[in-house]
Amino acid sequence: MILTVAHLDHTPENCDPANLRAMCQGCHLHYDRDHHRETAAATRRAAVESAGQLTLDAP
C-alpha cells in the first residue's frame with residue numbers, strides 16, 4: 001500500500017495542516033477524481049500549445 005498526502009482544496013501550495021490528509025493511493029485518486037476531470041482538458045490544451053501546436057476555434 002502506498003500512503004500519499006492529499007490537499008483537500010486541491011491547491012498544492014496550501015500546506016496548512018488542516019488542508020492535508022494522509023490517504024492511500026486509491027482513496028487519494030478517488031478524492032481527486034472530479035478535480036482531475038475538470039482540469040484535464042486545460043492540461044491537455046496547455047501541453048499542445050507548449051509543444052508549438054496551434055488550435056483552430058470553431059465558428
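**Chat about a predicted chain**

Biologist: How much surface does the chain expose, and what share of it do carbon and sulfur atoms supply?
Modeller: The chain exposes about 4900 Å², and 59% of that comes from carbon and sulfur atoms. Keep in mind that this is a predicted model.

Biologist: What percentage of the residues count as buried?
Modeller: Of the 59 residues, 10% count as buried.

Biologist: OK, what about secondary structure? How many helices and strands?
Modeller: There is 1 helix, along with 2 strands. The order along the sequence is β-β-α.

Biologist: Which element has the lowest mean pLDDT, and which the highest?
Modeller: Helix H1, residues 25–50, has the lowest at 90. Strand S2, residues 20–24, has the highest at 98.

Biologist: And what is the mean for the chain?
Modeller: The chain has a mean pLDDT of 89, with 90% of its residues at 70 or more.

Biologist: Different topic. How many disulfides are there?
Modeller: The search of the whole structure finds 0.

Biologist: Why is Cys27 not bonded to Cys24?
Modeller: The two sulfurs are 3.4 Å apart, which is too far for a bond. A disulfide needs the pair within 2.5 Å. Cys24 is the cysteine whose sulfur is closest to that of Cys27.

Biologist: How exposed are Cys27 and Cys15?
Modeller: Cys27 is partly exposed, at 44% relative accessible area. Cys15 is partly exposed as well, at 47%.

Biologist: Last one, on contacts with a separation of 6 or more: what share comes from residues 24 or more positions apart?
Modeller: Those residues account for 8% of such contacts in the chain.

Note on methods
Residues are numbered from 1 along each chain as its sequence is written. This is a predicted model: local features need pLDDT of at least 70, side-chain atom pairs count only at pLDDT 80 or more; totals for chains, interfaces and linings use all residues. Side-chain values use heavy atoms; hydrogens and water are left out. Buried means under 20% relative accessible area, exposed over 50%, partly exposed in between (1.4 Å probe, protein chains only). pLDDT is the predictor's confidence in each residue, from 0 to 100. Helices (H or I, at least four residues) and strands (E, at least two) are DSSP runs, numbered from the N terminus. Contact means heavy atoms within 4.5 Å. Accessible areas come from the Shrake-Rupley method with a 1.4 Å probe; for residues, only the protein chains shown count as cover.
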